[in-house]
Amino acid sequence: MATADHREGQDDPESEDEVYEVVDLTEYARRHQWWSRVFGSNSGPIAEKYSVATQLMMGGVTGWCAGYLFQRVGKIAATAVGGGFLLLQIANHSGYVQVDWKKVEKDVNKAKKHLKKKANKAAPEINTFIEEATDFIKRNIVLSSGFVGGFFLGLAS
């Protein structure tokens, strides 16, 4: 039920005028003692929680799982795309399908222009994500290096 003095965009989740506060949990935990009492002394960054060997093992195991899945899904995707392309070529050669290559080229160029416009608008969000990921990797360098090593092992197996 809408009220008479409801302003447009005030409670709209799609409103672009909303302001969010970013809270760094590590700083918050250091300033508030109750956090440590509730969650224990191991509630800080992961580098403070576990030993180097545990971090390497956790990173290596998760990296290996991710690499193994990435390899399997990649093979399935490559097989599907290659098989579909092969079937289309056979159908085209047999006369079942006629491809209008001028229309395909026109549509591809149109899609390129659209993607360039969208990429320019998404650049700030991508840069923020990259900065956050870099900060996480710097704070958890042992875990991250274990993950990368495990990922490459997963790809190789």
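How much accessible surface does the chain have, and what share of it belongs to carbon and sulfur atoms? In this predicted model, the accessible surface comes to about 13,500 Å², and 63% of that belongs to carbon and sulfur atoms.

The chain is built from helices. There are 6 helices and 0 strands, so reading from the N terminus the order of elements is α-α-α-α-α-α. Of the 157 residues, 11% count as buried. Among the contacts with a separation of 6 or more, 64% are between residues 24 or more positions apart in the chain.One residue to look at is Gln-71, which lies in helix α4, spanning residues 52-94. Is Gln-71 buried or exposed? Its relative accessible area is 14%, and the cut-off for buried is under 20%, so Gln-71 is buried. Leaving aside neighbours within four places in sequence, Gln-71 is in contact with Gly-154, Leu-155 and Ser-157. With Leu-155 there is also a polar contact: the side chain of Gln-71 reaches the backbone oxygen of Leu-155 at 3.4 Å.

The surface offers another case. Val-104 lies in helix α5, which covers residues 101-139. The relative accessible area of Val-104 is 35%. Buried requires under 20% and exposed requires over 50%, so Val-104, with a value in between, is partly exposed. Which residues form a nonpolar patch on the surface with Val-104? They are Val-99, Trp-101 and Val-108. Together with Val-104, these residues have about 350 Å² of accessible area.

Conventions
Residues numbered from 1 in each chain as written. Predicted model: local features only at pLDDT ≥ 70, side-chain atom pairs only at ≥ 80, totals over all residues. Heavy atoms only, no water. Helix = DSSP H or I, 4+ residues; strand = E, 2+ residues; numbered from the N terminus. Buried < 20%, exposed > 50% of the residue type's maximum accessible area, 1.4 Å probe, protein only. Polar contact = N/O pair within 3.5 Å; in protein donor to acceptor, adjacent residues only side chain to side chain. Contact = heavy atoms within 4.5 Å. Areas by Shrake-Rupley, 256 points an atom, 1.4 Å probe, with all protein chains shown as cover. Patch = residues over 30% accessible without salt bridge, like charges linked within 9 Å, V, L, I, M, F, W, Y side chains within 5 Å. Salt bridge = Lys/Arg side-chain N within 4 Å of Asp/Glu carboxyl O.
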